[in-house]
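I opened the structure with a few places to look up, and I note here what I found at each of them, in the order in which I looked.

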Amino acid sequence: VSDKAGIRLGVAGLPFSDVSYIVGLAMPTIILGRGDHRAVIAAGVGIGWIDRISVFESQEVFVGYGIGSIGYQFQPHARGVFVRGSFTPVFTDQQVSAWGGLGLGVAF
């Protein structure tokens, strides 16, 4: 949206856990700093489909979740490719999961 704010949209999947897939909705993002090195803070909501498998049954559940992100972004040019590393906790009504990640994006 600007040099200081943005919107993240995306889809994520976690095939190695009990989550079939997660559809991420909007995450308003604030970008702090100038030049090549920046801090990034974001928060948003999403929806997901979870396969709960137990000894007695398998059940798909539709859930809402909150997601936050705080990280570092290296962006050598105002427009173009950037690299981001972040800590990304996910909040549901039953648990908080601590995640992290690396991202590659394009600013335009």
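I began with the surroundings of Thr29, and, leaving aside its neighbours within four places in sequence, I found Thr29 in contact with Lys4, Ala5, Gly6, Arg8, Val40, Ile41 and Ala42. I keep in mind throughout that this is a predicted model. Thr29 belongs to strand E2, which covers residues 19-32.

Is Thr29 buried or exposed? I read a relative accessibility of 5% for Thr29, and because the limit for buried is under 20%, Thr29 counts as buried. I also looked for a polar partner of the Thr29 side chain, and found that one of its polar atoms lies 3.1 Å from the backbone oxygen of Met27.

From there I turned to Ala5, one of the residues that Thr29 touches. Ala5 is part of strand E1, residues 5-12, and although 24 residues separate Ala5 from Thr29 in sequence, their C-alpha atoms are 5.5 Å apart in space. For Ala5 I noted a relative accessible area of 30%, so I entered Ala5 as partly exposed, whereas Thr29 had gone down as buried.

Next I looked up the nonpolar core. Which residues make up the largest one? I listed five, namely Met27, Ala42, Tyr65, Ile67 and Val90. Two of these names were already in my notes, since Met27 offers its backbone oxygen to the Thr29 contact and Ala42 is among the residues touching Thr29. As a general matter, nonpolar side chains in soluble globular proteins tend to be buried together. I then followed Val90 outward and, not counting residues up to four places away in sequence, found that Val90 touches Tyr65, Gly66, Ile67, Gln95, Val96, Ser97 and Trp99.

My last entry concerns strands E5 (residues 80-91) and E6 (residues 96-107), which pair in the antiparallel sense over 12 bridges and form a hairpin with four residues between them. I checked two positions along this pairing: Phe91 stands opposite Val96 in E6, and Val83 has Leu104 in E6 as its bridge partner.

I stayed on E6 to look at Gly105, which lies in that strand. Gly105 and Val83 are 22 residues apart in sequence, with 6.5 Å between their C-alpha atoms. Leaving out residues up to four places away in sequence, I found Gly105 touching Gly80, Val81 and Phe82. The relative accessibility of Gly105 is 14%, and therefore I recorded Gly105 as buried.

Note on methods
Residues numbered from 1 in each chain as written. Predicted model: local features only at pLDDT ≥ 70, side-chain atom pairs only at ≥ 80, totals over all residues. Heavy atoms only, no water. Core = buried A, V, L, I, M, F, W, Y, C linked by side-chain atoms within 4.5 Å. Buried < 20%, exposed > 50% of the residue type's maximum accessible area, 1.4 Å probe, protein only. Contact = heavy atoms within 4.5 Å. Polar contact = N/O pair within 3.5 Å; in protein donor to acceptor, adjacent residues only side chain to side chain. Pairing = 2+ DSSP bridges.
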